Amino acid sequence: MSTLKIDVRTAPLGSPDLITYFVKGDALPAGVPISEFDGTICSTLLLRDKTGRTLVVGLGDKEKIEPDTLRRATGAAIKHLLKIGGTEAALDLTLYPDHVAPAVEGAILASYKFLGFGKDPSKKTRGVLDKLQLLVTEHEVTNARVQAHDAEIIATITNTIRDIGNLPGNMLTPPILAEKAEELAKDRANLTVKIWNERHLARDGFGGILAVGNGSAHPPRLIVLEYLGAGKKDKPVALVGKAVTFDTGGISIKPGAQMDEMKWDKMGGLAVIGILLAAADLKLPINIIGLIPAAENMPGPDAYRPGDIITTLDGKTIEVLNTDAEGRIILADAIAHARLTYKPSAIIEYSTLTGAVVMALGYRRAGLFTSEDKLRDALVTAGKTTGELVWPLPVDEEYKEGTASEVATVKNIGGREGSACISASFVKTWAEDVPFVHLDIAGTAWTTKPPAHLEGGATGFGVRLTLQALRAGLPV
Ligand code: BES
Ligand code: MN
Ligand code: ZN
């Protein structure tokens with residue numbers, strides 16, 4: 001990834017491409033008919049004159065402008081600019097001094113594209129954003145610098161985890177993910193990493209992570225990141241993220257269509273890694289523990305099988321009736337470890353857990369399952385600010401019936417009806433009385449039909465949402 005230079009200025013320096021924002025009803029540039037540009041959000045209009053290029057981007061209706069409007073519109077403009085070879089942009093933010101952060105985030109997020117391993121890198125088909133100037137009035141310079149600083153940290157780290165997330169299963173196994181987490185955490189203050197390999201997992205009784213990982217030649221890991229930004233005595237918040245580096249379904253194997261997308265079944269874990277890295281860089285004054293159970297779900301001679309009974313870390317048992325419901329099994333161990341070892345004030349868990357949540361909510365909103373009203377409200381609000389929308393779904397006691405088992409504490413699947421809720425109820429079992437939030441990000445963790453402001457692939461969903469909630473002061 002390139003290193004971007006960001007500058008806050010009152011006038012452009014050199015000859016960057018200028019990006020200006022347009023609200024519906026604004027006067028059109030001379031010679032442009034309304035049929036060509038009406039200011040719809042994310043629509044763009046390229047103008048050229050002797051001084052250079054100006055890209056006008058629509059913000060839609062004035063009354064509806066919110067932070068995410070600037071984020072998306074800036075993203076769409078940057079994506080357009082990169083396509084036409086641009087490398088230096090100046091954003092005219094003089095009218096939007098309080099939306100500098102989302103504009104910077106939008107620009108950085110839109111400038112990321114997974115390069116892959118096929119094309120000759122010398123035959124670039126698209127520019128790389130090298131320089132970004134932020135134009136504001138004199139008395140907003142300090143305000144803009146503060147916003148840009150934090151936004152750059154958050155968006156750059158999001159791109160880092162998107163880039164790891166887009167690696168396919170053969171290139172990103174659980175041991176490789178653990179190494180990457182170690183490398184990324186290494187030089188950051190107040191951040192430490194602990195890795196459990198397969199021997200450590202067996203020694204300590206992580207029966208769930210071991211069972212799911214057993215079919216693969218690439219053994220499972222548990223990655224724990226500890227960020228201490230407050231006093232040692234302050235209770236931490238625990239973040240748990242599912243990292244199935246590839247989900248074939250195991251013995252209950254998945255159909256072939258779109259199975260490649262299951263390389264993104266690790267995005268919950270990567271979101272947690274991203275949140276911890278950013279918290280350290282932002283020096284948040286809180287303690288956070290990140291727990292990432294990582295396994296590859298494969299069929300094979302040693303794979304776990306339907307009918308197996310697994311003992312998890314805290315002694316609760318699981319009757320396996322479908323090896324494709326594997327995420328909840330590795331999460332069980334990690335949630336138990338969070339509760340028993342760290343006594344957290346709350347546990348928030350991120351997983352691409354069910355196809356059912358995609359049927360319920362589609363690709364724009366993640367399912368939010370919690371019985372804690374204040375946590376729910378904090379996350380819904382943070383979702384609106386960041387554009388990482390979450391929608392509350394129930395996880396009441398009634399869903400426990402769905403996973404009642406004759407031979408174990410629970411079975412790992414219920415019926416199809418309400419299965420996103422039943423799955424949420426399953427993972428909640430291991431949190432016991434610790435305030436718990438489950439975020440099912442199956443529909444939002446990656447995109448194969450990218451919107452105007454993003455490239456396809458991993459989105460990094462959850463990073464900005466959670467940092468926003470944490471910075472606003474999570475009510476725990
Ligand atoms: N990783 C999948 C969930 C998933 C499916 C995410 C499609 C995104 C798109 C998960 O491990 C899984 O396979 N869930 C099953 C559960 C079922 C067997 C109870 C599902 O949703 O079909
Ligand atoms: Mn699965
Ligand atoms: Zn899965």
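Colleague: From which domains does the lining of the second largest pocket draw at least three residues each?

Modeller: This is a predicted model, in which local features need pLDDT of at least 70, side-chain atom pairs count only at pLDDT 80 or more, and totals for chains, interfaces and linings use all residues. Residues are numbered from 1 along each chain as its sequence is written, chains are lettered from A and ligands numbered from 1 in the order written, and side-chain values use heavy atoms, without hydrogens and water. The lining of the second largest pocket takes at least three residues from each of two domains, whose bounds come from an automatic or database assignment: domain 1 (5-162) and domain 2 (167-471).

Colleague: Which residues come nearest to ligand 1?

Modeller: There are 16 residues around ligand 1, each with a heavy atom within 4 Å of it. Among these 16, the ones that come nearest are Lys254, Asp265, Asp324, Glu326 and Gly355.

Colleague: What share of the area that ligand 1 exposes when taken alone does the protein bury?

Modeller: Polar contacts (pairs of N or O atoms within 3.5 Å) link oxygen atoms of ligand 1 to polar side-chain atoms of Lys242, at 3.2 Å, and of Asp247, at 2.9 Å. For Lys254, a side-chain N or O atom lies 2.8 Å from an oxygen atom of ligand 1. Taken alone, ligand 1 exposes 520 Å² (Shrake-Rupley method, 1.4 Å probe), and the share of this area that the protein buries is 76%.

Terms used:
A polar contact is a pair of N or O atoms within 3.5 Å; within protein, one must be able to donate a hydrogen and the other to accept it, and residues adjacent in sequence count only if both atoms are side-chain atoms.
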